[in-house]
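Hi everyone, thanks for making time. I'd like to walk you through a structure that may be new to you, so have a look at it first.

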Amino acid sequence: MKITRKEVEHVARLARLELTEEEKELFTGQLDGILAYVDKLNELNTDGIVPTSHAVPMENAFRDDLVLPSIGIENALANAPDRSENFFRVPKVIE
Amino acid sequence: MKYQVVIGLEVHVQLLTNTKIFCGCSTRFGSEPNSQTCPVCLGLPGALPVLNKKVVEFAIRAGLATNCSITPRSTFARKNYFYPDLPKGYQISQFDLPICVGGRLDIEVDGETKPIGITRIHMEEDAGKLVHLDTMEAGEKSYVDLNRACTPLLEVVSEPDMRSADEAVAYLKKLHQIVTYLGICDGNMEEGSFRCDANVSLMPVGSDTFGTRAELKNINSFRFVKQAIEYEIERQADILDEGGKVVQETRLFDPASGATRSMRGKEEAHDYRYFPDPDLVPIVVDAEWIEAVRKALPELPDAKRTRYQDELGLPEYDAEVLAASRDIADYFDACVALYPQAKPVSNWVMGELLRALKEDNREIADCPVTPGLLTEMLKLVENGTISGKIAKTVFDEMYKTGKDPAKIVEEKGLVQVSDSGAIEKIIDEILAADPDKVADYRGGKEKLFGFFVGQIMKASKGKANPALVNEILLAKLKG
Ligand SMILES: [Zn+2]
């Protein structure tokens, strides 16, 4: 067992997921299985191989600093669950 | 017990680009909420961020100006956390391969130069803005404006090398000066273009083991930085003196009370689970690119100060004042290019010019007296057309009207009287009007000389050539 129930709870909390006891049990086993599977890669000797961050061998995809039209306030707010005037409205955030 | 404070600073520098870091939306400040947004900066699924090349160039500029090495191949990473001003649920930042590493800034405190290490400079996007309006269901809701989301930032992280609030302020001022000189940031702290977080901890004097630190946020002026750090030193010293332990936490500075207070509940958010952003390909900066940026760097404040002293022969104080901001230095340089006498130019820029601008609350870039006008006026003083005293009148008039100094002199009849016959006549009248004082002078009260000069200048409405006045007056009084 590599993944503990505690880790599942921690990750669920970070992802703002509420899990039932059954789900926690289920996911602990499943995540553990996935990790064990991926662990196979550790059997390969990767000495001297640079870690890959991207699958595509590409670099320096830039754009110039030129203003393009924005989509407009109404479009921006079209999918908002809640709005007020031209703002997104969300539950009160306390700082 | 006596404690040594240890300070490291993280500064967020908002870059002066036209567009956001990963999309073409404008970065203009103060627009209607959510008017400068698109699928990329709204974090809509499927939108593809594309890096603004100018951001990389600005980052390289900052790196070179702070003695960093530029990372040949750097990458973006996702910093994962939830907050309503962060629409994607992650911030695109840099993690293990930031664009610049291992730099240094030299600060001066109490006449001593001290190097402060710069750990790294990385590029990232800003979050949106949470707005709390009194008028809108106060206390119930927060309001989100995403115009600022995706605005390009550099985060400049220092080593924990500072040992007093004054050193922290000196470092911050130096960095502020450099980024504004480089033209990559407007430096406006009130609008949040230059923001500072401070990591502050204490250790017993003589120890070299750092204590637990608190991270101070919301310190958006040089004065607040000093206040916040000094408050924090006292707070932590009290805790340690009572045998307590400083808690590692984020604390918010409250400018109204000058105190810092704990931001509870943000602790768990520190598990950011960084991973490389698959949407953004690596940035490769070769030697050629670095050289091109280096060649285009402006003369930086330290170099300017040195040049003003060594080549132009200005006193240290003048060099300091003139090099303090790029705008003032540019103005001064433009003047000296037109009229290569540094000290008179410096006297006028530091004196009348800055005073007038300050009274008017105006920037030097908007000064009605251009370098061309100021130096024309200095030439009129040099060739004897006007006296230094009259020049002040001419200056005020130029400042008010933007008119050519020669024209002002002509219109107002301010030409200096260098006709010795005319001056003699005035002197004769003044001396004749006060025979007692003349007798006193001749009896040994030499201080009266100044009195006569004053009377003569007054009678000539300030136009008499002062050198001639002195000469003729002296001759006459000697009899
Ligand atoms: Zn956008």
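**Empty spaces and overall build**

Let's start inside: the residues around the largest cavity sort by class into six nonpolar, one polar and four charged. Keep in mind that this is a predicted model. Who are those residues? Going along chain B, the lining is C41(B), then D85(B), L86(B), P87(B) and K88(B), then E125(B), D126(B), A127(B) and G128(B), and finally A149(B) and C150(B). The space in that largest cavity is about 50 Å³. And how many cavities of 30 Å³ or more are there? The count is one.

Okay, on to a pocket, which is open rather than closed off. I've picked the second largest pocket, with about 1,000 Å³ of space. Its lining runs to 31 residues, and the ones nearest the centre are K173(B), H176(B), Q177(B), A324(B) and S325(B). Which elements give two or more residues to that lining? From chain B we have the strand β7 (100–109), plus the helices α3 (165–181), α7 (316–323), α8 (326–338) and α9 (342–360). The biggest giver is α3(B), which puts in eight residues. As for the chemistry of this second largest pocket, its lining has 13 charged residues, 12 nonpolar ones and six polar ones.

Now, where does that pocket sit in the domain layout? Chain B comes in three pieces: domain 1 covers 3–288, domain 2 covers 299–412 and domain 3 covers 420–478. Both domain 1 and domain 2 of chain B give at least three residues each to the lining of the second largest pocket.

Let's zoom out to the whole of chain B. If you count up its secondary structure, you get 16 helices and 17 strands. Chain B has a radius of gyration of 30 Å, while the globule rule for 479 residues gives 23 Å, so the chain is more spread out than a compact globule. You can see it in the spans too: along the principal axes, the C-alpha trace of chain B covers about 95 × 55 × 55 Å. Between the C-alpha centres of domain 1 and domain 3 of chain B, the distance is 66 Å.

Two last numbers for chain B. Of its 479 residues, 50% are buried. And if you take contacts between residues at least 6 apart in sequence, 69% of them join residues at least 24 apart.

That's my tour, so over to you for questions.

How values were computed
Residues numbered from 1 in each chain as written. Chains lettered and ligands numbered in written order. Predicted model: local features only at pLDDT ≥ 70, side-chain atom pairs only at ≥ 80, totals over all residues. Heavy atoms only, no water. 1 Å grid on protein atoms, 1.4 Å probe; cavity = no way out; pocket = protein on both sides within 12 Å on 5 of 7 lines; lining within 4 Å. Points joined across faces, edges and corners; volume = space filled by probe spheres on them. Helix = DSSP H or I, 4+ residues; strand = E, 2+ residues; numbered from the N terminus. Nonpolar A, V, L, I, M, F, W, Y, C, P; charged D, E, K, R; others polar. Domains from an automatic or database assignment. Rg over C-alpha atoms; globule rule 2.2 N^0.38 Å. Buried < 20%, exposed > 50% of the residue type's maximum accessible area, 1.4 Å probe, protein only. Contact = heavy atoms within 4.5 Å.
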